[in-house]
2 protein chains.
Amino acid sequence: MELTGLSFIGNYRGSSTGAGFQAANPQTDATLQPVFHSAAPEEVDRAVRLAADAFATYSQTSGKRRAAFLRRVADGFETYRQELAERAHLETALPMPRLLGEVGRTAGQLRMFAGVVEEGSWVQARIDPALPERQPQPRPDLRSMLRPLGPVAVFGASNFPLAFSVAGGDTASALAAGCPVVVKAHPAHPGTSEFAAQILSEAVSAKGLHPGVFSLLFDRGLDAGTALVQHPLVCAVAFTGSLRAGRALMDLAAARPRPIPCFTEMSSGNPVFVLPGALRKGAAALAKSLYASFTLGAGQFCTKPGIVLVPDTDETGDFILELAGQVDLSDSFALLTAGIAREYSRATQARASQATLSAHSKEPEHTSAFAARATLFEASLDKLLANPSLADEIFGPDTLLVQCGKPKDFLRAAAALDGHLTATLFGDEEDLAANRELIHILEQKAGRLIFNAFPTGVEVTHAMVHGGPYPSTSDPRFTSVGSLAIYRFARPVCFQGFPDAMLPPELQDANPLGIARLRDGKPEM
Amino acid sequence: MELTGLSFIGNYRGSSTGAGFQAANPQTDATLQPVFHSAAPEEVDRAVRLAADAFATYSQTSGKRRAAFLRRVADGFETYRQELAERAHLETALPMPRLLGEVGRTAGQLRMFAGVVEEGSWVQARIDPALPERQPQPRPDLRSMLRPLGPVAVFGASNFPLAFSVAGGDTASALAAGCPVVVKAHPAHPGTSEFAAQILSEAVSAKGLHPGVFSLLFDRGLDAGTALVQHPLVCAVAFTGSLRAGRALMDLAAARPRPIPCFTEMSSGNPVFVLPGALRKGAAALAKSLYASFTLGAGQFCTKPGIVLVPDTDETGDFILELAGQVDLSDSFALLTAGIAREYSRATQARASQATLSAHSKEPEHTSAFAARATLFEASLDKLLANPSLADEIFGPDTLLVQCGKPKDFLRAAAALDGHLTATLFGDEEDLAANRELIHILEQKAGRLIFNAFPTGVEVTHAMVHGGPYPSTSDPRFTSVGSLAIYRFARPVCFQGFPDAMLPPELQDANPLGIARLRDGKPEM
């Protein structure tokens with residue numbers, strides 16, 4: 001695979017006249033070749049029009065056909081596993097084993113959605129047969145199922161250059177639902193993005209799909225993304241990134257003449273409640289695991305534990321001592337972009353004026369615009385309650401410890417929380433049973449409640465929820481990870497009184513696809 | 001039952017100091033007793049705080065308990081059937097048989113949702129069991145299900161004073177999901193609203209629920225509704241009404257510090273495509289049925305056919321002649337409010353400058369602020385394409401005929417349409433088979449596609465979709481009628497690694513509720 005630096009507008013390539021930009025290597029601060037060219041406004045428009053044209057046929061393809069397409073993309077990722085990971089490593093400084101794993105995860109997500117749409121029951125077919133004898137008037141035949149929304153704009157995320165970027169979870173779920181996708185590449189990993197686009201583009205063509213099913217736009221600034229969200233033919237937006245950028249997209253989407261759903265996954269502190277039994281069982285081991293979790297991927301996980309509430313027990317001191325020791329001994333980290341490193345530095349300095357700075361990892365060995373030191377803060381519960389912004393996410397290798405003296409303190413802390421992707425409880429089963437009220441509060445604050453594991457592991461399965469109340473996402477009714485993510489891009493359509501032959505196969509009497517359906521509200525046998 | 005004119009703030013009654021207003025009888029223009037009192041800002045706040053308090057316990061009630069509560073409300077509606085319909089008749093001028101039917105429909109909706117939550121499978125339980133042997137690392141146990149969103153603000157609709165008002169579909173589905181409800185009463189039928197609130201309030205108390213589960217706020221203006229949508233503790237909004245009011249609520253909800261879902265069902269022209277076979281079969285009968293449909297409820301149905309596209313065939317003249325004759329012979333109608341009548345008059349006069357006024361029903365017998373004449377307009381397809389606002393809804397007894405000369409004209413007309421609740425095709429099966437492309441376009445424009453029936457019949461069933469692309473609703477992924485309406489008010493929550501006993505019963509291994517679940521993405525046996 002070779003890099004050209006040009007956008008993909010269906011099966012055309014973008015011009016090389018737009019403003020140029022290059023990726024940088026966060027480990028060396030070196031600029032990477034080639035130059036990438038920002039898409040012009042007319043290229044954005046053309047990509048969306050092609051997507052809308054493609055929708056007419058792509059929305060009518062069978063689940064089987066879409067599955068074959070998604071699997072072809074997954075095959076491509078596996079074929080180019082090494083190249084993808086190596087380029088991503090250069091552009092992000094994330095370690096090779098993690099990136100090789102992320103290629104596998106990306107392929108796995110594509111295959112999971114392929115399985116879901118090939119099997120077909122995801123469309124939630126419902127059949128309420130006609131009741132011609134009903135009084136005072138007959139009931140007509142009513143059948144509904146989910147149909148795709150229309151062209152979707154996807155924004156590549158900086159922190160998962162493969163699994164949440166060009167062919168990541170948002171793209172895979174939108175394509176699976178039957179929606180063409182226009183991706184705005186993240187400018188921090190344009191080379192990885194172009195490789196992924198080459199694989200996608202090849203699959204579109206190999207499977208004989210309309211070329212407008214997939215486009216990729218490069219842009220060094222905000223113009224292409226803004227134009228995408230405002231384009232009249234775009235029907236939904238998916239984004240993972242900062243609260244500021246996510247909220248700006250939400251506001252753009254809501255202010256359109258025709259508002260559209262805008263799924264943004266943004267900012268989450270992922271509170272961890274350490275109950276007394278957890279410290280009794282092994283305070284030092286838990287501290288080590290916490291350190292590993294909050295510095296994983298240089299603390300750039302959406303589910304990084306950014307606030308940890310600990311009880312006041314005999315073992316608390318050991319726990320804090322071990323944690324601070326881990327941080328003190330740690331090397332510095334290279335963050336994804338110089339902008340993220342600047343913001344990390346600003347946010348940790350601001351926090352140092354509101355909380356106690358307890359530990360700080362070593363100074364970087366050489367000066368780098370990407371470097372960041374791991375940071376451990378401590379604050380009292382009263383400070384947190386007086387200033388709830390202490391629970392806000394700082395993107396990078398930082399966490400905040402809050403000591404809770406009385407059992408009721410956990411409830412007070414939980415009640416004061418904003419929305420988060422996850423909330424975690426560590427303890428023994430007695431701790432858990434004694435904290436039902438805490439669990440009920442946390443259920444309202446987060447999309448995933450975890451017992452005795454750190455939140456940084458996000459499985460791609462059918463039951464996964466990677467979503468939560470604002471500001472962790474724009475809409476807690478949806479997830480961006482797991483098979484439920486497909487439901488963001490579909491809407492129910494009801495067919496009333498249609499002859500059987502004119503119905504989609506999912507709704508025909510003979511159930512030719514053999515899918516699970518509801519008949520009069522009950523599972524059909 | 002007696003009327004007091006006071007709001008319901010949980011089990012307290014509102015003050016009588018707020019600005020007063022009275023309902024009017026649209027048939028006589030007479031003012032109706034008693035005086036109703038607008039809720040003060042602190043009463044709105046108190047109702048929402050009570051709802052948030054109630055959420056802590058109500059969200060944890062079993063489906064069985066919520067079903068018993070909803071059935072108690074349904075029983076109340078049946079007990080007070082006659083009083084409810086009589087008061088609604090005074091306040092709306094809708095005919096008694098329709099209103100008696102609407103009481104039954106309201107009770108039926110409550111019972112449908114009771115059945116859905118008592119059975120329990122609606123929560124979409126998903127279980128991905130732990131894989132302790134998985135390499136390179138074990139998979140944790142993951143289980144997800146839908147949980148209620150939080151307090152919901154419901155706005156009563158003018159045109160369904162029972163079935164889409166205080167205890168209507170929005171309230172029933174939110175309560176079924178486990179969300180407390182604060183209703184803002186529609187000021188055109190406050191007496192009907194108070195009766196309904198008495199029934200709901202009695203049921204809350206009889207079933208021993210937290211009194212904050214239900215409140216009703218009167219307001220003659222916009223203040224209480226605005227305060228509700230902006231209240232930090234409100235988690236979702238449901239509204240049926242005009243595009244202007246609905247869009248204003250959408251904008252308020254989107255501009256909050258924490259944006260919330262705002263379900264507005266607004267404006268729909270409900271296009272009807274008459275294919276040649278339909279006219280061959282009986283042009284006059286079809287014209288009579290169309291007249292009955294577009295004047296049903298004085299044309300104040302959300303699904304009124306407001307634009308009818310007809311082919312140019314030998315029978316087209318007869319069809320138009322019969323339709324115009326029906327309109328000419330028709331008496332005038334009493335609309336729901338003087339404001340609706342004024343707006344109908346303004347909108348039909350404006351349309352008369354853009355389309356041909358073909359028929360007009362008789363002048364009203366006496367001068368009335370509520371009176372409206374049925375109106376039939378005609379326009380060419382070119383006029384419609386040049387001015388797509390001709391397809392916009394006019395709320396009241398009006399419809400617009402558009403002649404389509406060539407077969408391709410139907411496609412051009414369909415492609416130009418905005419979003420609608422419904423799109424209808426009349427014809428024979430050959431017509432339908434010859435119009436697959438038209439059906440594919442209409443599927444993108446409407447939530448319900450109907451063959452050979454008028455859209456004004458909206459069944460309350462499991463497969464019904466009463467929703468559609470903007471501007472017919474705020475979000476085409478949801479419906480406000482039918483059992484799918486419950487999904488507006490719930491969000492998935494994932495429990496990871498929880499001991500069985502600490503899981504909600506829906507997710508416990510033994511499946512004590514016997515609900516349908518997915519295990520590893522497959523239906524559990």
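Colleague: Quick one to start: how many residues does helix 8 of chain A have, and how far does helix 8 reach from its first C-alpha to its last?

Modeller: Helix 8 of chain A, residues 243–255, has 13 residues. In this predicted model, helix 8 reaches 18 Å from its first C-alpha to its last, close to the 18 Å expected at 1.5 Å a residue.

Colleague: Nice. Which residues of helix 8 of chain A are buried?

Modeller: Those are Gly246(A), Leu249(A), Met250(A), Ala253(A) and Ala254(A). They cover an arc of only 130° around the axis, which puts them on the same side of helix 8 of chain A.

Colleague: Is there a general reason why residues three or four places apart point the same way?

Modeller: An α-helix has 3.6 residues a turn, so residues with that spacing point the same way.

Colleague: And what do the buried residues of helix 8 of chain A pack against?

Modeller: Within chain A, they pack against helix 7 (223–230), strand 10 (236–240) and strand 11 (262–265). Helix 8 (243–255) of chain B is also a partner.

Colleague: Let's move to the core. Which residues have the most contacts inside the largest nonpolar core?

Modeller: That core has 349 residues, and the ones with the most contacts inside it are Leu70(A), Val237(A), Leu309(A), Leu70(B), Val237(B) and Leu309(B).

Colleague: Pick Val237(A) for me. Leaving aside neighbours within four places in sequence, what is Val237(A) in contact with?

Modeller: Two of its contacts, Leu249(A) and Ala253(A), are buried residues of helix 8. Val237(A) is also in contact with Ala153(A), Val229(A), Ile260(A), Cys262(A) and Phe263(A).

Colleague: Okay, the two chains. What turn lays chain A on chain B?

Modeller: A turn of 180° with a shift of 0.0 Å along the axis does it, with an RMSD of 0.0 Å. That is the relation of a two-fold axis.

Colleague: Which residue of chain A comes closest to the rotation axis?

Modeller: Ala254(A) does, with its C-alpha at 3.2 Å. The same surface serves both copies, as 100% of the contact residues of chain A recur in chain B.

Colleague: How many residues of chain A are in contact with chain B?

Modeller: 59 residues of chain A are in contact with 59 residues of chain B. Elements that each supply at least two residues to chain A's side include helix 8, helix 14 (429–433), helix 15 (436–443) and strand 20 (446–451). The largest share, six residues, comes from strand 21 of chain A.

Colleague: What about chain A overall: how many helices and strands?

Modeller: Chain A comes to 15 helices and 23 strands. Of its 525 residues, 59% count as buried. Its radius of gyration is 25 Å, which agrees with the value near 24 Å for a compact globule with 525 residues.

Colleague: Now the backbone oddities. Where is there a cis peptide bond in chain A?

Modeller: One joins Gln135(A) and Pro136(A), with omega about 0°. Pro136(A) is in the loop between strand 5 and strand 6 of chain A. In chain B, a cis peptide bond joins Tyr470(B) and Pro471(B), with omega about 5°.

Colleague: And phi: what value does Gln124(A) have?

Modeller: Gln124(A) has a positive phi of about 50° although it is not a glycine. Most residues other than glycine have a negative phi. Gln124(A) sits in the loop between helix 4 and strand 5 of chain A.

Colleague: Is Gln124(A) buried or exposed?

Modeller: Gln124(A) is buried, with 20 other C-beta atoms within 10 Å. Ala93(A), where phi is near 65°, counts as partly exposed, with 19 C-beta neighbours inside 10 Å.

Key
Residues are numbered from 1 along each chain as its sequence is written. Chains are lettered from A and ligands numbered from 1 in the order in which they are written. This is a predicted model: local features need pLDDT of at least 70, side-chain atom pairs count only at pLDDT 80 or more; totals for chains, interfaces and linings use all residues. Helices (H or I, at least four residues) and strands (E, at least two) are DSSP runs, numbered from the N terminus. The expected span of a helix is 1.5 Å times one less than its number of residues. A residue is buried if 20 or more other C-beta atoms lie within 10 Å of its own, exposed if 12 or fewer, and partly exposed in between; C-beta atoms are placed from the backbone. The arc is that of the directions from the helix axis to the C-beta atoms. Two residues are in contact if their C-beta atoms, placed from the backbone, lie within 7 Å. A nonpolar core is a set of buried Ala, Val, Leu, Ile, Met, Phe, Trp, Tyr and Cys residues joined through C-beta atoms within 7 Å. Copies are superposed by least squares on the C-alpha atoms of residues with pLDDT of at least 70 in both. The radius of gyration is taken over C-alpha atoms; the globule rule is 2.2 Å times the number of residues to the power 0.38.
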